[in-house]
Amino acid sequence: MSLAQRLRDALGPDSVFEAVEDTVMYEYDYGLDRSMPDLVALPRSTADVQLLVREAHSAGVPIVARGAGTGIAGGAVPVRGGLVISMARMNRILEIDQANRCAVVQPGVVNLDLSKATERFGLFFAPDPSSQKASTIGGNVANNAGGPHCLSLGATVNHILGLEVVLQDGKVVRLGGNIPEALGLDLTGVMVGSEGTMGVVTEVTVRLMRLPEAVRTALAIFASVDAASEAVSALIGRGLVPSALEMMDKLALSAIEAAFHAGYPPEAGAVLLVEVDGLLEQVEAQAAVVDEVCRASGALDIRLAASDEDRARLWAARKGAASAMGRIAPNYYLHDAVVPRTRLPRILAHVIEIGQRYELPIANLFHAGDGNLHPMILFDVRETGILDRVLAAGREMLNACVEAGGTITGEHGVGMEKQAYMPLIFSADDLGVMGKVRSAIDPSGNFNPGKVLPTPGGEVAATKAVAAISAMAQDVWI
Ligand SMILES: Cc1cc2nc3c(=O)[nH]c(=O)nc-3n(C[C@H](O)[C@H](O)[C@H](O)COP(=O)(O)OP(=O)(O)OC[C@H]3O[C@@H](n4cnc5c(N)ncnc54)[C@H](O)[C@@H]3O)c2cc1C
C-alpha cells in the first residue's frame, strides 16, 4: 500500500492530499524558492504527528513542518519533495496561566491571536514579527522570529519556556518546562531557531509579559537616511533602549502612505518610528530624551501619536508595509541582514548605490534599533533576465553587510536561500559542530533536508527553485 494511502487510512481522507491542485500551494513561502511536495498532511493532534513522522521516516521520505508559510528564506519549501506537515489545524490555546505569566499553545496558533487572548489578563506575547497577523507560534519558534518590539524584550528564544517535540522515530520529548532556567542542557534553546531540521514542534509553553502602564509613540521626520541613522546611534548611545525603533526611507514611505493614509510624510527622506513604554513617569522622561536626541541629530519635525487610534494606525501601516510595495512593483525580494548599528549610515549608502548600479528600485524599512536591515528589491519577474540582476544585487548587499562586521540573517532564518552564505560567517569546524548536533537529534536527516547547513548541491537546488519562478512567469504571464 502506498504511503499516501496508509496516511489517509489513519488520518482520514480530508487530512492527507497528493493531487497537484491540492498540494501546489505548499510549494512556496514568501521567498523566491519553489519546490513541490509529494504529499501534504494536516494533523489535529500530537498523536497524528507521531504517526505521520513514523510512517514517513520508515519510508525514507523527507518531512517538512509548515506554519503559515510566511517565512522568507524558503524554510517551509520542500526542496527534496516528501511530506509537508501543515500545523494549521493544531491552532488551540491550551492554557493561559495568569499567575505564572505563561501560556501553553499548539504550534499553529497565529502570533497575534495569542496576544489578543491574553490582553484581558494584562499580558502579551512579546515577539511581534510584522507578519504577526498570519505567522504561527511554531514558525516563530523554528525561525527564532524577531519583530519591532524585540529591541528591548529580545527575540522569540527569550520567550520560550518549554517545547513538546516529535522526533524522527515518532517519540515525543518535552524540553524545558513552565519555569525559566530549567535544569540540564538547554535543548529548548537548541530547538528554537533550528528551522524544522530536528523535529516537529507540537506544543509550546511561552512566557507572557505584563502590558506596559504607558506607551509613547513618536514619528521623527528627517531629510535623509543618513540623518535618521545618526539619530539611531545617538539614541542608543544615550543609554536609552526604546521598545521599538523602526526606520522607513522615502520610497517605502511613498508606498505606505498611499496604501494606508496613516499620517506618514511621503516627502520626507526618512522617518523613525520610536516607541517607549513602561511606568508613566519613566515614559514621559524617555519621550523627552527621544525628542531632544532626534532634534539634535537633525530631525525636521517630531510628531507624537495623540491617541491609541493614532498609534494603532502608524503600526498597522508599518506592519502592513510589505503589501504596500505592490504599488511600486509586482514582486519584491526582501533581504534580511544585520550590521553593527554604528555602520548603518555607511551600509545604507552602499545598499542605495548597489540598487542604482543594478537599476533596481530599493525600499528600505527595518528594525533600525537592532541594526537589522531589510532592503526590499522591487521588480517585475516578467522582465526577461531581471531575476539574475535581483539575485546578484542581493548577494552584493549581503557581502557588504558581512564585510562591515554584520551577519547574513537577523530574523528570517537561513532556510534554502542563505545556506550557501553560511561559510561567510562560520568556519568548517563551526559548521561541523552544528552538523553533529543536528544529526545527534535527527540521525536520519529526514527533517527539512537541504536547509540551514550547507549541503552538497544545496546551492544548485536553491538556484533551480528560484529559476522555477522565472519559468512560471513565462508560462503564466507572457
Ligand atoms: C510581510 C512579512 C513581514 C515579516 N516580518 C517579520 C519580522 O518582523 N520578524 C521576523 O522575524 N520575521 C518576519 N517575517 C518572516 C516570517 O513571518 C517569520 O519567519 C515567521 O516566524 C514564520 O512563521 P510561519 O508560521 O509563517 O512559518 P513557515 O514559513 O511556515 O515556516 C518557517 C520555518 O519554520 C518551520 N516550522 C514551522 N512550523 C514548525 C513546527 N511546528 N515544528 C518545526 N518546524 C516548524 C518550517 O519548516 C520552516 O523552516 C515576515 C514575513 C512577511 C511575509
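**Entry 1: the seven-stranded sheet**

I began with an open sheet of seven strands, which I read off in the order 15-12-14-13-18-20-16 with antiparallel pairing. The model I am looking at is predicted. Strand 15 (301-304) and strand 16 (331-334) are the edges; each has a single partner strand, so one side of each is left without a neighbour in the sheet. Ignoring direction, I noted that neighbouring strands are turned by 20° against each other on average.

Next I followed one pairing at an edge. Strand 12 (residues 214-222) runs antiparallel to strand 15, and four bridges join them. Here I found alanine 218 opposite leucine 304 of strand 15. I then looked for a helix on this sheet and met helix 14 (residues 386-403), which touches strand 16 and strand 20 (375-379). The direction of helix 14 makes about 165° with that of strand 20.

**Entry 2: the five-stranded sheet**

My second stop was an open sheet of five strands, ordered 5-6-10-8-9 and paired antiparallel. Strand 5 (93-97) and strand 9 (172-176) have a single partner strand each, so I marked them as edges with one side lacking a neighbour in the sheet. From one strand to the next, the twist averages 15°.

I checked strand 6 (residues 102-105) against strand 10 and found antiparallel pairing over four bridges. Cysteine 102 has arginine 207 of strand 10 as its bridge partner. Helix 4 (residues 111-118) lies across strand 5 and strand 6, and I read about 40° between helix 4 and strand 5.

**Entry 3: around the ligand**

Strand 10 (200-207) came up again here: along with strand 3 (63-66) and helix 5 (137-143), it supplies at least two residues of the shell around the ligand. Which element gives the most to this shell? Helix 5 does, with five residues. Of the 36 residues around the ligand, I listed Gly67, Gly71, Gly75, Gly139 and Gly196 as those that come nearest. Sorted by class, the shell has 14 nonpolar, 18 polar and four charged residues.

**Entry 4: a helix pair**

Last, I turned to helix 1 (residues 3-11) and helix 3 (residues 46-58), whose axes are 11 Å apart and make an angle of about 165°. Angles over 145 degrees count as roughly antiparallel, so that is how I describe helix 1 and helix 3. Their crossing is right-handed. On the helix 1 side I wrote down Leu3, Arg6, Leu7, Ala10 and Leu11, and on the helix 3 side Asp48, Leu51, Leu52 and Glu55. The contact has six nonpolar, no polar and three charged residues.

How values were computed
Residues are numbered from 1 along each chain as its sequence is written. This is a predicted model: local features need pLDDT of at least 70, side-chain atom pairs count only at pLDDT 80 or more; totals for chains, interfaces and linings use all residues. Axes are lines fitted to C-alpha atoms, for helices over the stretch in contact, and angles run from 0 to 180 degrees between N-to-C directions. Angles under 35 degrees count as roughly parallel, over 145 as roughly antiparallel, 65 to 115 as roughly perpendicular and the rest as oblique. A crossing is left-handed if the near helix is turned anticlockwise from the far one by less than a right angle, and right-handed if clockwise. Two residues are in contact if their C-beta atoms, placed from the backbone, lie within 7 Å. Ala, Val, Leu, Ile, Met, Phe, Trp, Tyr, Cys and Pro count as nonpolar, Asp, Glu, Lys and Arg as charged, and the others, Gly among them, as polar. Two strands pair if DSSP finds at least two bridges between them. A residue is near a molecule or strand if its C-beta atom, placed from the backbone, lies within 6 Å of it.
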